[in-house]
Amino acid sequence: MIFKLGSFLSLLLIFWSSPMLLADEAAIRNTIEQFHIVLTDVMKSDAEFQDRYISLETAIDTTFDMETVSRMSLGTPWRKLETDARQEFSQLMRELITATYADRFNSYNEQQFEITAVTEPRPGRWLVRTRLIRKSGKPVALDYYFKDQRVFNVVADGVSDLAVRRADYTAVVKADGFQGLLDSVRANIAGLRNER
Amino acid sequence: MNADHSHNLLASFLVAICLSSCSTLQGPDLGVYDRTESSNRTSFNVMEGFDRFIGKPAARTYQTLLPDWAEKSIGHFFLNLRTVDSALNSYLQGNVKAGTKNVSRFLINSTLGVGGLFDVASHMNIDYHQEDFGQTLAHWGYTRSRYVYFPVIGPTTVRDLPGDLFHLIISPRLLLGNGYDVWVGSLDTLSRRSDALLITDARDDAALDKYIFTREAFNQKRRFDILNGDVPVDDSMFDDLDDWDEPEAEVPRRDRIE
């Protein structure tokens with residue numbers, strides 16, 4: 001009797017969880033599809049840097065988990081930060097990432113995005129593998145790492161944005177302290193804005 | 001140079017590589033293996049200075065002066081010369097399919113593509129598979145090697161350096177002979193620097209410590225190339241995430257950063 005009840009509950013769980021899994025997968029896939037649509041529109045718009053920046057802000061906010069990006073970019077020093085300093089750093093990361101996308105996706109040359117796989121390597125941790133297909137040259141592999149419903153890392157042709165940034169920031173914090181890091185990130189953002 | 005002498009040189013070269021590989025396999029299992037950071041940084045800074053005042057301006061001038069089609073043709077020509085090296089290393093890795101594709105590319109582009117000036121093979125869906133001797137060594141087990149920043153070559157490892165020198169400097173000379181003189185070599189260098197402008201500009205916009213940024217990005221990209229793009233899911237990224245989701249240890253107030 002207990003065995004039958006157990007089997008029944010297992011079956012119920014499978015039937016109940018499968019649509020949930022599919023719903024999650026669809027939501028994850030949709031997040032990236034929408035992000036790619038915005039990137040493509042921005043490239044096609046032929047707009048100035050500041051207009052591209054404004055167009056991207058909402059998409060960056062809905063796609064990226066900026067708190068996770070910030071704390072993992074900073075590493076151990078994050079734990080020692082007060083709430084205000086954490087918010088300040090997260091805001092800078094948001095500006096930097098938006099400015100970087102606005103800078104890089106500045107012209108359209110028949111680029112196309114393609115999702116090649118959506119997997120859930122761990123519960124609640126998703127990986128979306130995509131390709132940026134260009135008119136000439138090899139396609140660029142873009143992998144999006146998700147925590148729950150939002151992205152915390154992008155890996156382009158094997159180069160992890162988060163891992164490179166953490167190594168870079170760790171070296172700067174070690175040499176110039178947290179304030180030195182903030183100043184350097186601000187200078188980078190200003191550089192991206194001013195040179196356009 | 002007679003044949004015996006050539007064989008002796010080749011044997012010495014291979015022995016040197018084996019010795020260096022044995023000595024560098026002793027490195028740590030995790031993290032970037034950069035035991036000579038100080039001298040690497042010096043080399044990096046010197047080359048960056050040279051690049052800032054000579055390399056980059058020359059590459060930008062080259063891009064401005066040459067029409068796109070001419071730039072592409074010059075790039076195709078030198079890539080075609082290096083396809084032979086890629087074909088050889090594909091075979092050395094046991095990848096017959098990639099090796100044959102590279103040989104086909106070389107033959108098609110050298111003939112129908114007018115000495116490699118036009119990339120006819122890509123239009124026939126015969127893609128280029130870039131392989132070098134460092135990738136071959138990595139394929140056969142020499143996976144861990146010391147990072148070095150070598151003048152002219154740039155970021156590399158002890159394992160990759162001989163292959164880089166061969167791929168960049170010797171392989172075009174083997175096919176062109178004396179035709180690969182200082183002028184043709186300079187054009188080749190200029191073409192490659194011009195191709196890399198997009199990447200180095202992106203790095204300059206993003207990096208705070210350019211040396212660290214270059215080293216990290218190189219190591220990861222190199223791994224990607226060695227695995228032919230088939231990189232497994234980065235579990236360490238998820239491990240880090242899980243660690244962060246654990247309750248935070250109490251930080252004494254005196255240690256907090258405000």
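**Two chains and the contact they share**

Chain A has five helices and five strands. Keep in mind that this is a predicted model. Read chain A from the N terminus, and the order is α-α-α-α-β-β-β-β-β-α. The chain has 196 residues, and 31% of them count as buried. Now take the contacts in chain A between residues at least 6 apart in sequence. Of these, 54% join residues at least 24 apart.

Let's look at one helix pair in chain A. Helix H2 covers residues 49-63, and helix H4 covers residues 83-104. They pack at an angle of about 125 degrees, and their axes are 8 Å apart. Why do we call H2(A) oblique to H4(A)? Oblique angles include those over 115 degrees that do not pass 145, so this pair qualifies. The crossing of H2(A) and H4(A) is right-handed.

Who makes that contact? From H2(A), the residues are A:Phe49, A:Arg52, A:Tyr53, A:Leu56, A:Glu57 and A:Ile60. From H4(A), they are A:Arg94, A:Ile97, A:Thr98, A:Ala99, A:Tyr101, A:Ala102 and A:Asp103. By class, that contact has eight nonpolar, one polar and four charged residues.

Next, where the chains meet. Chain A gives 36 residues to the contact, and chain B gives 29. Which elements of chain B give two or more residues to the side that touches chain A? They are helix H9 (197-206), helix H10 (210-226) and helix H11 (235-245). H10(B) gives the most, with eight residues. By class, this side of chain B has 16 nonpolar, two polar and 11 charged residues.

Stay with H10(B). It has 17 residues, and at 1.5 Å a residue they should span 24 Å. The end C-alpha atoms of H10(B) are 24 Å apart, so the two values agree. Several residues of H10(B) are buried, among them B:Tyr211, B:Ile212, B:Phe218 and B:Ile226. The buried list also includes charged names, such as B:Arg215, B:Glu216 and B:Arg222. After H10(B) comes B:Asn228, with a positive phi near 50 degrees.

One last helix: H4 of chain B, residues 96-111. Its 16 residues should span 22 Å at 1.5 Å a residue. The end C-alpha atoms are 22 Å apart, so H4(B) agrees with its expected span. Its buried residues include B:Ala98, B:Gly99, B:Phe106 and B:Ile108. What do the buried residues of H4(B) pack against? Their partners are helix H3 (68-92) and helix H5 (120-123) of chain B.

How values were computed: Residues are numbered from 1 along each chain as its sequence is written. Chains are lettered from A and ligands numbered from 1 in the order in which they are written. This is a predicted model: local features need pLDDT of at least 70, side-chain atom pairs count only at pLDDT 80 or more; totals for chains, interfaces and linings use all residues. Two residues are in contact if their C-beta atoms, placed from the backbone, lie within 7 Å. Helices (H or I, at least four residues) and strands (E, at least two) are DSSP runs, numbered from the N terminus. The expected span of a helix is 1.5 Å times one less than its number of residues. A residue is buried if 20 or more other C-beta atoms lie within 10 Å of its own, exposed if 12 or fewer, and partly exposed in between; C-beta atoms are placed from the backbone. Axes are lines fitted to C-alpha atoms, for helices over the stretch in contact, and angles run from 0 to 180 degrees between N-to-C directions. Angles under 35 degrees count as roughly parallel, over 145 as roughly antiparallel, 65 to 115 as roughly perpendicular and the rest as oblique. A crossing is left-handed if the near helix is turned anticlockwise from the far one by less than a right angle, and right-handed if clockwise.
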